Amino acid sequence: MATATSKSINRRSHTSLPVIAGSSLAGTAVEWYDFFLYGTAAALVFNKLFFPSHDPLVGTMLAFATYAVGFVARPVGAAVFGHFGDRRGRRATLIASLLLMGVSTFLIAFLPTYGAIGIAAPILLVLLRLVQGFALGGEWGGAVLLVSEHGDSKRRAFWSAWPNLGPPLGNLMAAGVLALLGAVLSEDAFLSWGWRIAFGLSALLVVIGLVLRLYVTETPLFEQAKQASSLHPPKAPLGEAVRGHWRQILLAAFTRFGENAGFYIFSLFVITYITQILELRRGIGLTAVMVGMVVALVAIPAFAVLADRIGRRPIYIAASGATIVWSFAFFALLDTERTGAIILAVAVGLLIFAAYSSVIGAFFSELFPTEVRYSAVSLAYNLASVLAGSVAPIIAIALYNRFGTGYAIAVYLAAMGAISLVAALIADETRAVDLAEVPTQDTPIRAADTPAVVTS
């Protein structure tokens, strides 16, 4: 029966890029909804229910510390899922990561609070957060490869950018659900049980994402590599990736520092800054984030089309320079305490994030050979998430507590942008790379070998 069902699914599986890209987007959106829902709840709910403190900022810092725990688990998930993704296939591995993320998020909806079971409450929350991070560690790399390895090299950035719509879409859904619940429920009802509805909805979203992923095929590049290495498949893809491509892994990770730190400052910490430092209404922050996410959703594919014409490096360089400049303008606008200025600050910040996101999928895929691509891409992506993204809200709060001004945070964010800028200047252009012919060892890919313009 299982075999017959599998064959039936395979016969109906899709190979068209729009369907495959949509499948990847659906899965990443679900997983990022789960992941960001936790982050938003950390700023609004968990600091009160799971980490009570006489100082609201201290409680929030503790809540964000558990948020960072999820990032610590991501490299482990990247290693495990990357191993199976390179040996068993992209599609099956992605299905497993989606299920694991959905179950862990759904269980958070039923956790008792600190007031009910004491210290066991934050411990259980941390454990489920670890599972979330572990699952997410294997998600992005596989979702990007599912698209990039299906062909159409002239529009690789465009199609590979679709999974990167998952973070803003997932965050938009998370912020939207919490904003709706906060609007229709009283503060007491929202803190008592309303927030649990948002986590419970994860089960429905997982089912949708799972159905879509069951109806796509394995990537042709993986199938070719599997046949070519059938006698000697890589026993430890991650080890081979690190030994043969450690320079590319580090370079790719550094290009994400400005994007990753910026994203969590512009979309997550900003809510804490608005509600606890500026003491404005929670709805202002959530509205600004939702507007910014809509901007990102529109801008990512637009920037990706540009990246397919002019290359990856120019987009990276421009986005990194913009991060350095906007870091200071961002807090200047927030400190006006005007709703319009706050929305503008977040929207432009997430526009810069969109520029980064438009090229990450294609650029990372073009750096590594098929045999270790899942492991290498996942490691590079999550290494940046741990070093730049996970600690960004915590560092931001600590800097404000120390200096009492948002400009201290701006200096930190500008430094992250500078790291990305240097990495982008060092990197070679990869737009013309054939994914089937990426060298198995570190060798430079020269920008000079790439034609100036590729038209679709």
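In this predicted model, helices α5 (114-117) and α6 (120-137) each contribute at least two residues to a nonpolar surface patch. The patch covers about 600 Å² and is formed by Tyr114, Ile117, Ile119, Ile123, Leu124, Leu127 and Leu130. Helix α6 provides the largest share, with 4 residues. Leu124, one of the patch residues, is located in α6. The relative accessible area of Leu124 is 35%, which places this residue in the partly exposed class; this value meets the patch criterion because residues with over 30% relative accessible area and no salt bridge are admitted.

Turning to the interior, a search of the whole structure returned 1 cavity of 30 Å³ or more. The volume of the largest cavity is about 80 Å³. Its lining comprises 13 residues, of which Pro167, Arg256, Glu259, Phe353 and Tyr381 are the closest to the cavity centre. Two or more lining residues are supplied by each of the helices α2 (17-49), α14 (257-277) and α17 (339-365). The greatest contribution is that of α14, with 4 residues. By residue class, the lining of the largest cavity consists of 8 nonpolar, 3 polar and 2 charged residues.

Salt bridges were counted next, giving a total of 7. One of these joins Glu149 to Arg90, with the closest N and O atoms 2.8 Å apart. Glu149 is situated in the loop between α7 (139-148) and α8 (156-160), whereas Arg90 belongs to helix α4 (residues 90-108), so the contact ties together parts of the chain separated by 59 residues in sequence. Glu149 and Arg90 are both buried.

Glu149 also forms a salt bridge with Arg373, at an N to O distance of 2.8 Å. Here the loop between α7 and α8, which holds Glu149, is linked to helix α18 (residues 373-389), which holds Arg373, and the two residues are 224 residues apart. Both partners, Glu149 and Arg373, are buried. Together with Asp86, the residues Arg90, Glu149 and Arg373 make up a network of salt bridges.

A further salt bridge pairs Arg156 with Glu366, again with closest N and O atoms 2.8 Å apart. Arg156 lies in helix α8 and Glu366 in the loop between α17 and α18, so that distant parts of the chain, 210 residues apart, are linked. Arg156 and Glu366 are likewise buried.

Definitions and conventions:
Residues are numbered from 1 along each chain as its sequence is written. This is a predicted model: local features need pLDDT of at least 70, side-chain atom pairs count only at pLDDT 80 or more; totals for chains, interfaces and linings use all residues. Side-chain values use heavy atoms; hydrogens and water are left out. Patches are made of residues with over 30% relative accessible area and no salt bridge: like charges are joined within 9 Å, nonpolar side chains (Val, Leu, Ile, Met, Phe, Trp, Tyr) within 5 Å. Accessible areas come from the Shrake-Rupley method with a 1.4 Å probe; for residues, only the protein chains shown count as cover. A salt bridge is a side-chain nitrogen of Lys or Arg within 4 Å of a carboxyl oxygen of Asp or Glu. Buried means under 20% relative accessible area, exposed over 50%, partly exposed in between (1.4 Å probe, protein chains only). On a 1 Å grid over the protein atoms alone, a cavity is a set of points where a 1.4 Å probe fits but cannot get out, and a pocket is an open set with protein on both sides within 12 Å along at least five of seven lines; lining residues have an atom within 4 Å of a point. Grid points are joined across faces, edges and corners, and a volume is the space filled by probe spheres set on the points. Ala, Val, Leu, Ile, Met, Phe, Trp, Tyr, Cys and Pro count as nonpolar, Asp, Glu, Lys and Arg as charged, and the others, Gly among them, as polar.
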